[in-house]
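Below are my notes on the model, set out as numbered points. They cover the ligand site, the nonpolar cores, one helix and the unusual backbone geometry.

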Amino acid sequence: MNIIFLGAPGSGKGTVSQIAAREYNLQILSTGEILKNMAHENHPLGLRARDEYWGKGFLVPDEIMLPLLEEEISKTIYQKGLILDGFPRTIPQAEKLEEIIKIDPVINLLCSEELITKRILARMQCKKCNKPYGLNPRPPENRICRCGGEIYQRVDDTEETIKRRLNEYENKTLPLIKFYKERIITVDQDEKTTPESCFDDVKKALDSYLS
Ligand code: ADP
């Protein structure tokens with residue numbers, strides 16, 4: 001099974017993918033993580049992508065993303081099935097993906113703009129194990145994860161970039177809902193949603209879709 005998690009920034013794609021990957025024994029392919037790791041390792045393309053695009057709230061252009069995805073997805077770890085977190089984000093990316101693997105289904109995580117903004121500003125992550133923190137669960141006060149890793153805030157999670165990211169999402173990513181039409185499963189969220197309750201809804205929707 002190859003699943004896509006679609007949704008605006010802050011809608012929970014990364015967090016819910018981590019739970020779903022464990023439950024369904026799938027490998028996560030997160031293009032956001034790949035880009036961040038490339039910048040962290042001082043890879044020239046990774047630094048350019050951060051300084052010119054994602055660090056400012058813009059999508060990284062398809063000319064960079066398409067070859068990156070093609071190279072990554074060819075790795076054997078993805079052969080048993082994968083969850084795509086953050087790819088595709090544009091129609092050309094979705095078209096490219098159709099040529100490479102069979103995608104079914106596409107989970108669309110819905111969230112109000114108000115909740116997204118609140119979540120992004122509260123969002124943090126462990127440097128070592130990638131455990132996500134935010135409104136729920138909140139990070140410990142000493143900002144040290146249970147694994148001993150340091151908990152940090154992303155450079156692109158600022159008030160200034162959120163508007164740009166939401167704008168990019170509306171213009172370039174939202175058209176994918178129409179592109180995937182009958183393969184879309186929508187899961188709605190509100191203030192009370194936790195990563196676990198969201199995954200429960202995803203699981204119910206997935207199970208009935210697959211049966
Ligand atoms: P979020 O979903 O909160 O935006 P991600 O970690 O998935 O976080 O992505 C971080 C940033 O990396 C995005 O805002 C975007 O600029 C860039 N990025 C990730 N995946 C893609 C992609 N498929 N196409 C273009 N840019 C991407």
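1. Helices here are DSSP runs of H or I with at least four residues, numbered from the N terminus. The model is predicted. On that numbering, helix α2 covers residues 31–40, and α2 gives the most to the shell around the ligand, with 4 residues.

2. The ligand is surrounded by 20 residues, and the closest are Lys13, Thr31, Lys36, Phe58 and Arg89. By class, the shell around the ligand holds 8 nonpolar, 5 polar and 7 charged residues.

3. Three polar contacts to ligand oxygen atoms deserve a look. A polar side-chain atom of Lys36 is 2.7 Å from an oxygen atom of the ligand. For Phe58 the partner is a backbone N or O atom, at 2.8 Å from a ligand oxygen atom. Arg154 places a side-chain N or O atom 3.0 Å from an oxygen atom of the ligand. The ligand taken alone exposes 540 Å², of which the protein buries 96%.

4. How much of α2 is buried? The count is 7 of its 10 residues, so α2 is largely enclosed by the rest of the structure. The buried residues of α2 are Thr31, Gly32, Ile34, Leu35, Lys36, Met38 and Ala39. Thr31 and Lys36 also appear among the residues closest to the ligand. The cover over the buried residues of α2 includes β2 (27–30), α3, α4 and β3.

5. The largest nonpolar core has 29 residues, and those touching the most other members are Ile4, Leu29, Val60, Leu84, Leu97, Ile103 and Tyr180. At least two residues of this core come from each of β1 (2–7), α2, α3 (44–53), α4 (62–73), β3 (82–85), α5 (91–100) and α8 (175–180). The element that gives the most to this core is α4, with 6 residues.

6. Leu97 can serve as a point of entry to that core. Leaving out residues up to four places away in sequence, Leu97 touches Ile4, Leu69, Ile73, Leu84, Phe87, Pro88, Ile103 and Tyr180. Apart from the largest core lies another core, of 17 residues, among them Ile3, Ile19, Ile107 and Leu206.

7. Most peptide bonds are trans, and most residues other than glycine have a negative phi. The next two points list exceptions.

8. Which peptide bonds are cis? The bond from Asp104 to Pro105 is cis, with omega near -5 degrees. Pro105 sits in the loop between α5 and β4 (106–109). Asn136 and Pro137 are also joined by a cis peptide bond, with omega about -5 degrees. Pro137 belongs to the loop between β6 (132–133) and β7 (151–152).

9. Positive phi values occur at several asparagines. Asn25, in the loop between α1 (13–24) and β2, has a phi near 55 degrees. Asn42 follows α2 and has a positive phi, near 60 degrees. Asn130 has a positive phi of about 70 degrees and lies in the loop between β5 (124–126) and β6.

10. Is Asn130 buried, exposed or partly exposed? Its relative accessibility is 29%. Buried means under 20% and exposed over 50%, so Asn130 counts as partly exposed.

Terms used:
Residues numbered from 1 in each chain as written. Predicted model: local features only at pLDDT ≥ 70, side-chain atom pairs only at ≥ 80, totals over all residues. Heavy atoms only, no water. Near = heavy atom within 4 Å. Polar contact = N/O pair within 3.5 Å; in protein donor to acceptor, adjacent residues only side chain to side chain. Areas by Shrake-Rupley, 256 points an atom, 1.4 Å probe, with all protein chains shown as cover. Nonpolar A, V, L, I, M, F, W, Y, C, P; charged D, E, K, R; others polar. Core = buried A, V, L, I, M, F, W, Y, C linked by side-chain atoms within 4.5 Å. Buried < 20%, exposed > 50% of the residue type's maximum accessible area, 1.4 Å probe, protein only. Contact = heavy atoms within 4.5 Å.
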